[in-house]
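Student: Could you take me through one helix of this model in detail, and explain how its residues are arranged between the inside and the outside?

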Amino acid sequence: MKIRFDRIILVLFICSGILAGGYYFLTSSNLEEAEIEEEIEEEPANEFAVLSYYHEELLDDYIAYQEANSDYSLEDIVTHVNMGIDEPFYTSEAILVEDPYAIDVLVNKVYCFPDDFVPEDLVYVDDYRDQQMCEEAALAFQALNEACQEEGFTIYAYSAYRSISWQQQIYDNMVSIYGEERTNQTVSKATQSEHHTGLAVDVSIDGCDYNYCHESEYYDTFYDLLEDYGFILRYPEGCEDLTGYTYESWHIRYLGVDLAKEVVASGLTYDEFVARQ
Ligand SMILES: [Zn+2]
């Protein structure tokens, strides 16, 4: 068979063209991919995004809050915005808590309970039979009290669970005497009191009126025992801007031992702690 030389040349030419085209296609698409990857890597991540508790949808709020508070740390900027305290308390409508029955529920001047919320398992706390808490918290309070008694003093549940309607009466009464602004510094609005949880209690210590219990000689011992029984001090001294409440040496909150210890170890208020989860 006679093969024409010029046809071989033509076939070789076409094949080399296809190979060259394929090579160019492959290498150019790889190049493009590399360029895109480089672009993504070069995209400057915003400085807030390094924090595990950063929420992308709040970026504009972080930026605005930082502009107004340039001396705050990055952690505080993100934490405060997450907490909703980048605007004065009660500026926006309160946000309904997701699970009102949760042992770790956070209720404050930003988060509220539904109007009809009542804890499921209220029991009387102590022998006085007039204060109620959720059963787990009541048992923990009794255990805490036994530990206090071993140290030589007794604690009393001065005020524990409060219904939403009762809190409304307290609030209205205080407003009629002191006006709204002053009342808001010390008294919770109905649906926003921790006393609705059935997990909080105002404590008095032997011989001290509850709001002077920090003056008791036993106060430090009482305070140190709290976390071992699942309680934290909810409104610490010097944290008014964070909690929205002046120092309350008497108001303790049950969280369970593990969480209480975690919160205490963090050195944060519970409001900040939750905002960093
Ligand atoms: Zn209280």
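Tutor: A residue is called exposed here if 12 or fewer other C-beta atoms lie within 10 Å of its own, and buried if 20 or more do. The model is a predicted one, and the part to look at is helix α4, which covers residues 135-150. With 16 residues at 1.5 Å a residue, α4 should span 22 Å, and because its end C-alpha atoms lie 23 Å apart, the expected span and the model agree.

Along this helix, A137, A138, A140, F141, L144, N145 and C148 are buried. Viewed down the axis of α4, these buried residues fall within an arc of 160 degrees, so they line one face of the helix. The general background is that an α-helix has 3.6 residues a turn, so residues three or four places apart point the same way. On the face of α4 turned away from the buried side sit the exposed residues E146, Q149 and E150.

Just after α4 comes G152, whose phi is positive, at about 105 degrees. Positive phi values also occur at residues that are not glycine: Y90 has one of about 70 degrees, and T191 has one near 80 degrees. Y90 belongs to the loop between α3 (74-83) and β1 (95-96), and it counts as partly exposed because it has 14 C-beta neighbours inside 10 Å. T191 lies in the loop between α6 (180-186) and β6 (200-205), and T191 counts as buried because it has 21 C-beta neighbours inside 10 Å.

Methods. Residues are numbered from 1 along each chain as its sequence is written. This is a predicted model: local features need pLDDT of at least 70, side-chain atom pairs count only at pLDDT 80 or more; totals for chains, interfaces and linings use all residues. Helices (H or I, at least four residues) and strands (E, at least two) are DSSP runs, numbered from the N terminus. The expected span of a helix is 1.5 Å times one less than its number of residues. The arc is that of the directions from the helix axis to the C-beta atoms.
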